[in-house]
Amino acid sequence: MKTESNVKYVLRLALTLLLITSVVAIALAGVNSITAPKIAALNAQKTQEAIEAVLPGGGEEVAFTDDTGLVTTVYQGNAGYAVQVVPSGFNGGITMMVGIDQSGTVLGISIISNSETAGLGAVAAANTSAGEAFRGQFVGTSGSVAVSKDGGQLDAITGATITSRAVCTGVNAALACVANMG
């Protein structure tokens, strides 16, 4: 007799839990369907602003060859290329746009999104004097870039060497991709 009541009790709990999770899943799906188009539009706007920031006049998406696995999209314009790369930083991927002219010189970089530590790695993307100074070091560089700790010519962000190296890795991947395009 006792086994039967235990089975009913477990079934009642399981069905209650199933009902609750189903309602929550439906609610989350509804919220996602409402917010997904807005999020996609904001991401597209951020990407377009990043292209304009690093490649005067913008560009159109073109096919590319990438040996590094970091390049996600390439845009070609009259002034050169805007290359979107996602190197791995300290806390995850850093989505950034790198502008490169026809001769293979960096025109600028713009960090679209990152999950780096606030006050340290996030300085690379910040609209502060330190962030702008860090990103500005890349303008006019070509070939291969590296931070001074790795024998390069660029100063790393204080306390954020991993993020600084990741940005250099992204710029190098963009330079290599454009070099492959001829």
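A salt bridge here is a side-chain nitrogen of Lys or Arg within 4 Å of a carboxyl oxygen of Asp or Glu. The views below come from a predicted model, in which local features need pLDDT of at least 70 and side-chain atom pairs count only at pLDDT 80 or more, while totals for chains, interfaces and linings use all residues. Residues are numbered from 1 along each chain as its sequence is written, and side-chain values use heavy atoms, with hydrogens and water left out.

**View A. The salt bridge between arginine 165 and aspartate 150.** Let us start with a pair of charged side chains. Searching the whole structure turns up one salt bridge. Arginine 165 and aspartate 150 form a salt bridge in which the closest N and O atoms are 2.8 Å apart. Since arginine 165 belongs to helix 3 and aspartate 150 to the loop between helix 2 (129-136) and helix 3, the pair ties together parts that are 15 residues apart in sequence. Helices (H or I, at least four residues) and strands (E, at least two) are DSSP runs, numbered from the N terminus. Arginine 165 is partly exposed, at a relative accessible area of 35%, and aspartate 150 is also partly exposed, at 43%. For these labels, buried means under 20% relative accessible area, exposed means over 50%, and partly exposed lies in between (1.4 Å probe, protein chains only).

**View B. The open sheet of five strands.** Here the strands follow the order 1-2-3-4-5, with antiparallel pairing. Two strands count as paired if DSSP finds at least two bridges between them. At the edges are strand 1 (60-62) and strand 5 (106-113), each of which pairs on one side only. On average, neighbouring strands of this sheet are turned by 25° against each other, direction ignored. Axes are lines fitted to C-alpha atoms, for helices over the stretch in contact, and angles run from 0 to 180 degrees between N-to-C directions.

**View C. Strands 1, 2 and 3, followed through tyrosine 75.** Three bridges join strand 1 and strand 2 in the antiparallel sense. Within that pairing, glutamate 61 stands opposite tyrosine 75 of strand 2. Strand 2 and strand 3 are also antiparallel, over five bridges, and they form a hairpin with three residues between them. Tyrosine 75 has alanine 82 of strand 3 as a bridge partner, and threonine 73 stands opposite glutamine 84 of strand 3.

**View D. Strand 3 beside strand 4.** Strand 3 (residues 80-85) pairs with strand 4 (residues 95-101) in the antiparallel sense over six bridges. Alanine 82 has glycine 99 of strand 4 as its bridge partner, and valine 83 has valine 98. In a regular strand the side chains alternate between the two faces of the sheet. Strand 3 is mostly covered, with six of its six residues buried.

**View E. Helix 3 across the sheet.** Helix 3 (residues 161-181) lies across strand 1, strand 2 (71-76), strand 3, strand 4 and strand 5, and runs at about 45° to strand 4. Threonine 161 has its place in helix 3. This threonine 161 is buried, at a relative accessible area of 15%. Neighbours within four places in sequence aside, threonine 161 is in contact (heavy atoms within 4.5 Å) with Lys149 and Ala156. Asparagine 172 is another resident of helix 3, and it is partly exposed at 22%. Not counting residues up to four places away in sequence, asparagine 172 touches Gly143, Ser144 and Val145. Its C-alpha atom is separated by 14 Å from that of arginine 135, which is 37 residues away along the chain.

**View F. Helix 1, at leucine 13 and lysine 46.** Leucine 13 has its place in helix 1 (residues 2-54) and counts as partly exposed at 44% relative accessibility. Together, Tyr9, Val10 and Leu13 make a nonpolar surface patch of about 300 Å². Patches are made of residues with over 30% relative accessible area and no salt bridge, where like charges are joined within 9 Å and nonpolar side chains (Val, Leu, Ile, Met, Phe, Trp, Tyr) within 5 Å; accessible areas come from the Shrake-Rupley method with a 1.4 Å probe, and for residues only the protein chains shown count as cover. Lysine 46 is also placed in helix 1 and is partly exposed, at 42% relative accessibility. From C-alpha to C-alpha, lysine 46 and serine 113 are 9.0 Å apart in space and 67 residues apart in sequence.
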